[in-house]
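Please open the structure in your viewer and keep the sequence panel beside it, so that each selection can be followed in both places. The tour moves from the whole chain to a pocket and then to a single residue.

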Amino acid sequence: MILEIYYLCAILPSFYDHCMNPNSIEKKNAQLIREHLAKTPKDKIPLIVILGPTAVGKTALSIELAQGFGGEVISADSRQIYREMDIGTDKIPLSEQKNGEESCSACPPLSGVASFRAGVPHHMIDVVSPNEEFSAFDFKTACEKLIPEIHARGHVPFLVGGTMLYIDA
């Protein structure tokens, strides 16, 4: 897929910002996203990218912003993609499912791609078993299908994580 179809907005939270004044950071980023969405050309898909190292508040920020903007989170974490690796990857626990469903009915064909975590649809978590291979190309292929589907549902895609190999893909 050609990158020109996306209209990117990158947010780089820092540990310092998150610890010192998380409310002002969320307000600043919310304003940035509002402006980004307002100026997104009609022929492009807005894509909000939240990236940074471990423990800077990416997850908390993504949940707050996705809830506020009707978003769906695509995890760009090379470990959370694997099932049965919950503790070492600090996955967000599953939350109550909407309408009692186990997963999003509009998910791509990869079984278990979407789940509700903290009340927000999350994709690319618990997708493959640890003994299966999953490459950056596989991630890119899945996202090329996911992002337009999320947009078609009227939601904003948030690509969140610290695995630059996945984000660059």
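For the residue classes used on this tour, Ala, Val, Leu, Ile, Met, Phe, Trp, Tyr, Cys and Pro count as nonpolar, Asp, Glu, Lys and Arg count as charged, and the others, Gly among them, count as polar.

**The whole chain**

Begin by selecting everything, and bear in mind that this is a predicted model. Shown as a cartoon, the chain has five helices and six strands, and a walk along the sequence meets them in the pattern β-α-α-β-α-β-β-β-α-β-α. Of the 169 residues in the chain, 44% are buried. If you display contacts between residues at least 6 apart in sequence, 75% of them join residues at least 24 apart.

**Colour by confidence**

Next, colour the chain by pLDDT, which averages 76, with 73% of the residues scoring at least 70. Select helix H1, residues 15–20, where confidence is lowest at a mean of 47, and then strand E3, where confidence is highest at 93. Residues 96–113 also deserve a careful look, since the pLDDT over this stretch is below 50, although the stretch has 28 contacts in the model beyond near neighbours in sequence.

**The largest pocket**

Now turn to the largest pocket, whose volume is about 510 Å³. Its lining is made up of 26 residues, and to find the centre you can select Lys-58, Thr-59, Asp-77, Gln-80 and Thr-89, which are the closest to that point. Then highlight helix H3 (58–69), strand E3 (71–75) and strand E6 (156–161), the elements that each give two or more residues to the lining. The largest share, four residues, comes from H3. Coloured by class, the lining shows eight nonpolar, 14 polar and four charged residues.

**Ser-78**

For the last stop, select Ser-78, which is found in the loop between E3 and strand E4 (115–117). Is Ser-78 buried or exposed? Its relative accessible area is 17%, and because buried means under 20%, Ser-78 counts as buried. With side chains displayed, you can find a polar contact of 3.0 Å that joins the side chains of Ser-78 and Arg-79. Which residues does Ser-78 contact once its neighbours within four places in sequence are left aside? Select Thr-163 and Tyr-166, since Ser-78 is in contact with both of these residues.

Technical notes. Residues are numbered from 1 along each chain as its sequence is written. This is a predicted model: local features need pLDDT of at least 70, side-chain atom pairs count only at pLDDT 80 or more; totals for chains, interfaces and linings use all residues. Side-chain values use heavy atoms; hydrogens and water are left out. On a 1 Å grid over the protein atoms alone, a cavity is a set of points where a 1.4 Å probe fits but cannot get out, and a pocket is an open set with protein on both sides within 12 Å along at least five of seven lines; lining residues have an atom within 4 Å of a point. Grid points are joined across faces, edges and corners, and a volume is the space filled by probe spheres set on the points. pLDDT is the predictor's confidence in each residue, from 0 to 100. Contact means heavy atoms within 4.5 Å. Buried means under 20% relative accessible area, exposed over 50%, partly exposed in between (1.4 Å probe, protein chains only). A polar contact is a pair of N or O atoms within 3.5 Å; within protein, one must be able to donate a hydrogen and the other to accept it, and residues adjacent in sequence count only if both atoms are side-chain atoms.
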